Amino acid sequence: MKPDLAIEIAGIRMRNPVMVASGTFGYAEEYADVIDLSRLGAIVVKGISLKPWSGNPIPRLVEVPGGLVNAIGLQNPGVEGFIHQHMPFLRTLDTPVLVNIWGRTAQEYAETAARLNDVEGVRGLEINISCPNIKEGGLAFGTNPSAAADVIRAVRARTRLPIIPKLSPNVSDIRVFARVAAEHGADAISLINSYPAMVIDVERRRPALANVTGGLSGPAIHPIAVKLVYEAAQATRLPIIGMGGISTARDALEFIIAGASAVAVGTATFGDPMTALNVIEGIETYLSDHGFSSASELVGALEQ
Amino acid sequence: MHLENTCVLSQKALGNYRVLELASERIAPAVRPGQFVHLRVPRLADAVLRRPLSVFRAEADRLALLYKPIGYGTGALTRVQAGDAVSLLGPLGNGFPVALPPDRMPVLVAGGYGVAPLFLLARELPQRGIVFAGTASAKDILCREDFEALGWDYRAATEDGTLGRQGLVTALLDDWMRNRPSNLMPEFYACGPDGMLRAVGERAVVGGWRAWLSLDRHMGCGVGACLACVQRLRRPEGIVWGRVCRDGPVFEAREIVWDEPGETKKEVSR
Ligand SMILES: Cc1cc2nc3c(=O)[nH]c(=O)nc-3n(C[C@H](O)[C@H](O)[C@H](O)COP(=O)(O)OP(=O)(O)OC[C@H]3O[C@@H](n4cnc5c(N)ncnc54)[C@H](O)[C@@H]3O)c2cc1C
Ligand SMILES: Cc1cc2nc3c(=O)[nH]c(=O)nc-3n(C[C@H](O)[C@H](O)[C@H](O)COP(=O)(O)O)c2cc1C
Ligand code: FES
């Protein structure tokens, strides 16, 4: 018998637990030619803010062994631009669409969330309090529990959509942030965002990125992410979306066994656009080979 | 755009460059001049990114790339042999416009690997014209006979003076421009380093001609999703970021907003 891959997270039903991560899949149109989007569990679009944002100067991205460091700086057309330019396409998909939002103040997060409330086709909000690449907002909220609480509370007050705060790996105790999210009305949490990092071009003795520092993603951060998902799962009963360095089904299975209900594929899509679909197949094979009848049975199935 | 798992047919050295020929039944027939493929270098397990390479030749069932090994990925690519499996994503980007009014003469300006996309273009333009190619030394003068066989006038400049004029290709272009018949209306197509592209663009703008410039920017996804490869462009709605991989790599000279030395703030209007 085929195992049941379907899950429900934050009230959103998905055909399988494999999503694509914010910022690595644009607005989905970009990959529509090569991937059957209807096979994905969910799509998380690039971070959106209240007003259009131009992001950082170039170079914005540099490859390192086992990953890349990016400092895109959250370039986006603003929430109105997003609704008009990208929702018409996204709305045609039968895959749930989550919008990743960010702001410079708790108020901006809340207004962006409120604007998306009645937009047809938006199924949930991922709240980015963990971007390493902008000075205001972003990480400033994600590394301070009371600032994180302010953002989550402000967004909760203005939206009926499920909200999913996205946590930073750059904290001394992830459990604190998992609990803050639960206490202030989050429906799930996602982790991790990229890890603050820096690369120097030794020939020119200059930073490789125009922004000087950026965020490390890809296989290099996978074990760090697994540990943080494991710890967060001990601290909260909120469903967890695990991500960071997934390039194979085994990488995704580690997150699920550690306690994640769903996973997201990010950087690996650049090297192989089929990664998310291969991960789905691999999870299915694993479940049948190991006698599990559903994906949810495996969540947190770590033996110690 | 296709994702094609294919294999290497051959790899040959050409001066300091390599020509890599790949089987391709889906991408090759769809390629337009100036488009590129995003190639996953095989057996490079710790490299997460593909590498963008322009299409140099395209036939019904195969395509060729012309590249210079300059680093980790392109260095490893030199070890790839006939029969090896390779993944390609393409064709990507907008490519050069190939329609040209009959009174215009195409002028191609190539720096380094820039001859690759321009050679494909030279085969498809409705008129023949002149090619200016610049490289470090005679060893790297690429495809001279191929262009000449197609009926193009080929002029070379080498930085070390081992062949053709010594110096930059733009100096060669300037000499020719000064002495050309006054009724000749050039249309420029260029691919090479930014400094060269900018110089060609400035000459076109001053003369009131058009210049189609193919930019090289560090890429992530290659399909427009990650916003790594952006370039400021002048558009009716203001200064905007264009994605070199999707909106480019070819832009008309007047559209491009070049960075000024010492400029730190790079605001765009949206
Ligand atoms: C549209 C386009 C078409 C191109 N066509 C050709 C071609 O036909 N022939 C050719 O020889 N080269 C071409 N290039 C340049 C080629 O992509 C780079 O030389 C190559 O990516 C370098 O990879 P590497 O791993 O050897 O270098 P490394 O420096 O070791 O690479 C590290 C990282 O930087 C990126 N990178 C480094 N230099 C460049 C560069 N100049 N452009 C883009 N990314 C870079 C790499 O992709 C990688 O992510 C093209 C670039 C673009 C954008
Ligand atoms: C180029 C790039 C852009 C990103 N943009 C965003 C973003 O806009 N919002 C966000 O919350 N995370 C963003 N991320 C982080 C990813 O969603 C993901 O959390 C992180 O990359 C770890 O997963 P990975 O290792 O599978 O890529 C971005 C990552 C990359 C590589
Ligand atoms: S390389 Fe990703 S947008 Fe151009």
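Which atom in the side chain of R51(B) lies 2.7 Å from ligand 1, and which atom of the ligand does it face? The pair consists of an N or O atom in the side chain of R51(B) and an oxygen atom of ligand 1. The model under inspection is predicted, and the tour starts at this contact.

**First stop: ligand 1**

Select ligand 1 and display the residues around it. There are 20 of them, and R51(B), P52(B), G73(B), T74(B) and D216(B) are the closest. Colouring by chain is useful at this point: the site is shared between chains, because the residues that surround ligand 1 come from chains A and B.

Next, display the side chains of Y113(B) and H218(B). In Y113(B), a side-chain N or O atom is found 3.5 Å from a nitrogen atom of ligand 1. For H218(B), the corresponding separation between a side-chain N or O atom and a nitrogen atom of the ligand is 3.4 Å. A surface representation may be switched on here: on its own, ligand 1 has 820 Å² of accessible area, of which the protein covers 87%.

With the cartoon visible, select β4 (51–58), β5 (62–67) and α1 (72–77) of chain B; these are the elements that give two or more residues to the shell around ligand 1. Strand β4(B) provides the largest share, namely 4 residues. At the level of domains, domain 1 (2–92) and domain 3 (217–270) of chain B each contribute at least three residues to this shell. Colouring the shell by residue class gives 10 nonpolar, 5 polar and 5 charged residues.

**Second stop: two cis peptide bonds in chain B**

Remain in chain B and select G90(B) together with P91(B). The peptide bond from G90(B) to P91(B) is cis, and its omega is near -10°. P91(B) belongs to strand β6, which covers residues 85–92 of chain B.

Then move to G248(B) and P249(B). These two residues are also joined by a cis peptide bond, with omega about 10°. Here the proline, P249(B), is located in the loop between β14 (238–243) and β15 (250–252) of chain B.

**Third stop: ligand 2**

Select ligand 2 and expand the selection to its surroundings. Of the 23 residues around ligand 2, those that come nearest are S22(A), K166(A), G218(A), G245(A) and T267(A). By class, this shell comprises 7 nonpolar, 14 polar and 2 charged residues.

Which part of S22(A) lies 2.7 Å from an oxygen atom of ligand 2, backbone or side chain? The atom concerned is a backbone N or O atom. I192(A) likewise uses its backbone, placing a polar atom 2.9 Å from an oxygen atom of the ligand. K46(A), by contrast, presents a polar side-chain atom, 3.1 Å from an oxygen atom of ligand 2. The protein covers 98% of the 610 Å² of accessible area that ligand 2 has on its own.

Now hide the ligand and display the cavities of the protein. The space taken by ligand 2 is the largest cavity. To relate the site to the fold, highlight β4 (42–48) and β6 (67–70) of chain A, each of which supplies at least two residues of the shell around ligand 2.

**Last stop: A28(A)**

Finally, select A28(A), which is found in the loop between β3 (18–20) and β4 of chain A. Although A28(A) is not a glycine, it has a positive phi of about 75°.

Key:
Residues are numbered from 1 along each chain as its sequence is written. Chains are lettered from A and ligands numbered from 1 in the order in which they are written. This is a predicted model: local features need pLDDT of at least 70, side-chain atom pairs count only at pLDDT 80 or more; totals for chains, interfaces and linings use all residues. Side-chain values use heavy atoms; hydrogens and water are left out. A residue is near a molecule or strand if one of its heavy atoms lies within 4 Å of it. A polar contact is a pair of N or O atoms within 3.5 Å; within protein, one must be able to donate a hydrogen and the other to accept it, and residues adjacent in sequence count only if both atoms are side-chain atoms. Accessible areas come from the Shrake-Rupley method with a 1.4 Å probe; for residues, only the protein chains shown count as cover. On a 1 Å grid over the protein atoms alone, a cavity is a set of points where a 1.4 Å probe fits but cannot get out, and a pocket is an open set with protein on both sides within 12 Å along at least five of seven lines; lining residues have an atom within 4 Å of a point. A molecule sits in a cavity or pocket if more than half of its atoms lie within 2 Å of its grid points. Ala, Val, Leu, Ile, Met, Phe, Trp, Tyr, Cys and Pro count as nonpolar, Asp, Glu, Lys and Arg as charged, and the others, Gly among them, as polar. Domain bounds come from an automatic or database domain assignment.
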